[in-house]
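Trainee: I'm new to this one. Can you walk me through how to read it?

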Amino acid sequence: MDPRTCRRGLAAAMLALALAACTTAGPNYALPDAAVVNRPSAQGAFDSGTEKVFANAPLPDRWWQLYGDARLDAFVTEALAANTDLRAADANLRRADAVVAEVAAGRTLSTALGGGASLDRPYTTGSSLPGTLDYNLGITLAYPLDLSGRIRRAIEAAQGDAEAVAAARDNVRVTVAAETARSYATACTANMVLAANTRILTLQRQTLNVTQRLQRGGRGTAFDVTRARTAVDQSEALIPSQIATRTAALYRLATLMGRTPADYPRDVADCARPPALTRPLPIGDGSALILRRPDIRAAERSLAAATARIGVATANLYPQVSLGGSAGFTGPVSSLGSGNAFHLGLGPLISWSFPNRPVIRAQIAQAGAAADQALAQFDSTALEALRQTETALSAYAREGDRNAALRRAKGSAARAADQAGTLYRFGRTDFLSLLTAQAALTTAQANLAASDALLVDRQVDVFKALGGGWQA
């Protein structure tokens with residue numbers, strides 16, 4: 001090789017090494033100013049949060065304690081301690097932490113011990129002797145200087161991944177807490193609906209008995225009796241599905257708590273009413289939501305990790321330098337331990353993929369595209385979190401308005417049914433009017449009971465969308 005070419009190559013290597021020593025390859029992570037979470041409209045008050053059922057107060061970490069229900073508090077505590085999905089999430093986090101430790105170990109001193117033996121017999125000697133038995137024993141050491149920051153960026157990426165996994169675990173906690181509260185409330189509201197239908201059924205059976213007596217006394221017809229029995233049968237047909245809803249909620253509650261379905265809490269089977277809030281629901285604002293929601297945090301940490309990987313790829317443009325040393329014994333077994341067999345080496349070790357720069361440039365472009373994708377996913381996650389929250393707030397507020405109207409309708413229908421019953425017993429109205437009034441009451445009671453159940457469900461939707469409940 002031409003000595004001048006060699007000198008130029010060495011000079012280029014030293015220049016690249018000097019440049020790498022001055023900086024850490026790749027961009028330093030910073031949240032982009034144009035990110036969705038930085039928009040004023042994303043950080044301000046919720047558009048649907050001005051209703052009187054909401055309070056602009058911080059959401060408590062343990063939001064389920066707002067209901068003041070000791071059983072609910074105990075169920076959520078047990079679920080957060082024993083849920084199988086949370087156990088899996090904890091295992092994923094331990095694995096991610098181990099990956100960080102593995103990557104961080106790349107900046108420490110590495111050692112390797114080796115040894116072997118070989119039998120050599122040159123074929124040109126023509127000798128039938130077995131030959132010479134040689135050995136090789138040694139130790140090598142290497143300490144990376146990480147002048148280009150490749151290892152530092154790799155550690156940043158691994159830490160970002162681990163923090164994203166931790167946020168994903170927290171998101172599981174949010175879901176477990178919300179679904180435990182929902183299952184408990186569903187079991188209680190199923191009992192409430194069942195009790196309402198039982199009251200309706202009792203009223204309809206009383207009407208059937210009166211109609212049968214009137215028919216025997218000549219004041220009623222078989223047609224009236226048939227219509228009264230049809231109303232009874234229709235109400236009885238609703239009960240099995242309501243029992244099935246309660247049973248499914250109890251099984252779901254047990255599973256969330258890490259129990260077998262048959263080991264569901266027995267006292268919940270007789271729960272008469274769902275837990276109820278006695279004050280406006282605290283919701284905070286958009287900035288608090290962004291800080292609280294684990295899925296937003298997970299997406300932001302994934303963006304940080306993707307940015308760090310740009311640095312990992314960029315560092316491959318520069319030489320990778322480490323300090324190395326080796327010592328050992330090599331030679332025939334007959335000279336084992338002699339000074340002549342000992343060898344020692346010390347010096348820098350340099351590796352550089354200089355001829356493959358187009359490949360490295362392509363890898364940098366891939367890492368940059370992955371970071372752009374992570375930013376888009378981060379923005380999408382923030383937008384979806386805001387949409388879910390606004391939708392949940394609006395749905396809860398509107399269901400509250402509907403519930404109030406249904407409660408008034410139920411009161412009016414109850415008075416009309418009482419009046420129709422009195423008029424019918426004294427012969428002042430016909431049976432069809434009575435049946436119509438009772439059917440209206442049945443519908444009003446059923447609609448109100450369903451709305452009461454849905455109202456609690458909407459509350460849980462709000463709490464889940466707000467992202468609370470993951471804090472230890």
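**Reading the chain and its pocket**

Mentor: Sure. Keep in mind that this is a predicted model. The chain's secondary structure comes to ten helices and six strands.

Trainee: How spread out is the chain, set against a compact globule?

Mentor: Compare the radius of gyration with what the globule rule gives. Here the radius is 38 Å, well over the 23 Å that the rule gives for 472 residues, so the chain is more spread out than a compact globule. The box filled by its C-alpha atoms, taken along the principal axes, is roughly 130 × 60 × 35 Å.

Trainee: What share of the residues is buried?

Mentor: Buried residues account for 41% of the 472. As for surface, the chain exposes about 24900 Å², with carbon and sulfur atoms supplying 58% of that area.

Trainee: And how do I look for pockets?

Mentor: Rolling a probe the size of a water molecule over the atoms shows where empty space is left. In this model, the largest pocket has a volume of about 480 Å³. It has 22 lining residues, and the closest to its centre are Tyr-396, Gly-400, Asn-403, Leu-455 and Gln-459.

Trainee: Which helix gives the largest share of that lining?

Mentor: That's H9, with seven residues. Helix H9 spans 357–425 and helix H10 spans 431–466, and each supplies at least two lining residues.

Trainee: What kinds of residues make up the lining of the largest pocket?

Mentor: Sort them by type: eleven are nonpolar, three polar and eight charged.

Definitions and conventions. Residues are numbered from 1 along each chain as its sequence is written. This is a predicted model: local features need pLDDT of at least 70, side-chain atom pairs count only at pLDDT 80 or more; totals for chains, interfaces and linings use all residues. Side-chain values use heavy atoms; hydrogens and water are left out. On a 1 Å grid over the protein atoms alone, a cavity is a set of points where a 1.4 Å probe fits but cannot get out, and a pocket is an open set with protein on both sides within 12 Å along at least five of seven lines; lining residues have an atom within 4 Å of a point. Grid points are joined across faces, edges and corners, and a volume is the space filled by probe spheres set on the points. Helices (H or I, at least four residues) and strands (E, at least two) are DSSP runs, numbered from the N terminus. Ala, Val, Leu, Ile, Met, Phe, Trp, Tyr, Cys and Pro count as nonpolar, Asp, Glu, Lys and Arg as charged, and the others, Gly among them, as polar. The radius of gyration is taken over C-alpha atoms; the globule rule is 2.2 Å times the number of residues to the power 0.38. Buried means under 20% relative accessible area, exposed over 50%, partly exposed in between (1.4 Å probe, protein chains only). Accessible areas come from the Shrake-Rupley method with a 1.4 Å probe; for residues, only the protein chains shown count as cover.
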